[in-house]
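Thanks, everyone; I would like to walk you through one protein chain today, going from the overall figures to the sheet. Please keep the view open while I talk.

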Amino acid sequence: MVFKKLVLMMMGCLGCAGQPTEPSTEKNESKSLIDESVVITSPRVKLGDGRYLAYRERGVPKNISKYRIIIVHGFGSSKEMSFMASDELLDELGIYLLIFDRAGYGESDINSKRSLKSEASDIEELADLLELGSRFYVIGVSLGCYPAWSCIKHIPGRLAGVALVVPFVNYKWRTLPKDLVKNDYRKQLSRWVIWITCYARGILHWWLTQKVFPSASVLDGNPQFFCERDLEVLKNTPGYQLFTQDGLKDRSVFDSLCSDIIVAFGKWDFNPLELTDPYPQNESSVHIWQGVKDKVVPVQLQRHVSQRLPWIRYHEVPDCGHLLVYDTAVCEAVLTSLLLGEDPPIYKPKLADH
């Protein structure tokens, strides 16, 4: 059925790189995402507008850390996402990691006024409430890179450095060359994503949760969206229940995903491809990490982004796809490049292939 294929394509191409949780509805700005019968076990901070953000910490204690990093999870993920850097490296370099549930995910409250700017504001306020200092690092993953782009635009002075790991590309960025995207089915798909989530959300929810036409999980090892390395990760990693019929049955989970989609794929208040270098004195650095075999975000698009923004340090991971954060060597390379400026030759892009 055409509609079924469209749904499968939509969910697959949004990309997810972490362990999903159970978000909630977007009707009340300060409403908890968790059912009142569920005890919230994670630490949370209260924002100025009354919302709460939940978080978890990894690495060395904050008060003795040398580097403080906020990790921003992607679509359908949470603070429980995987970032496979070893504890040994975190201890050796003195790294403190803060991973939080973005608004509408996990144990964080929704934001009915979610926007590009509000995502950056949440990160800045979270950093201030947890006393991370005047400058901190940000690592965005997959769809979680749109809050990171927003930080680069709106709060560049607060950033000690930024890494965008397999960042999605919004086809509404008006300076994307037509010859690069005209045959990319993801462009038309992104239009359908916005239309369906805005105007046919009820039908989409019914289709994904109905039992009349049973189907497997939309992310269950579909080679259309994942390369061989990604499929191995999916095979050996538990999780992704959010995308099964049972996981999506909770309308609050579904609505929270839709709100994230609309902001990410909608019209932005700035074009990242037109940003000027916010760090002309090399006081900070911005990095992009891309899997050469990524089927969610084509490497050709990421190469174009890097060529338009030569001030960004661009890295390619050979033989890998979208799920880079499940590779310990890659995660540790992301950290050492961001913090120490070390760039292993294996990740140097072979742009001659472009």
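Of the 354 residues in the protein chain, 60% are buried, where buried means under 20% relative accessible area with a 1.4 Å probe, counting protein chains only. I should say early that this is a predicted model, in which local features need pLDDT of at least 70 and side-chain atom pairs count only at pLDDT 80 or more, while totals for chains, interfaces and linings use all residues. Residues are numbered from 1 along each chain as its sequence is written, and side-chain values use heavy atoms, with hydrogens and water left out.

If we take contact to mean heavy atoms within 4.5 Å, then among contacts in the chain with a separation of 6 or more, 81% are between residues 24 or more positions apart.

Now the secondary structure: the chain has 12 helices and eight strands, taken as DSSP runs of at least four residues (H or I) for helices and at least two (E) for strands, numbered from the N terminus. How are the strands ordered in the sheet? The order is S1-S2-S4-S3-S5-S6-S7-S8, in an open sheet of eight strands with mixed pairing, where two strands pair if DSSP finds at least two bridges between them. Strand S1 (44-46) and strand S8 (313-317) are the edge strands, each pairing on one side only.

Within the sheet, S3 (residues 67-72) and S4 (residues 95-100) run parallel and are joined by six bridges, and Val72 has Phe100 in S4 as its bridge partner.

Terms used:
Buried < 20%, exposed > 50% of the residue type's maximum accessible area, 1.4 Å probe, protein only.
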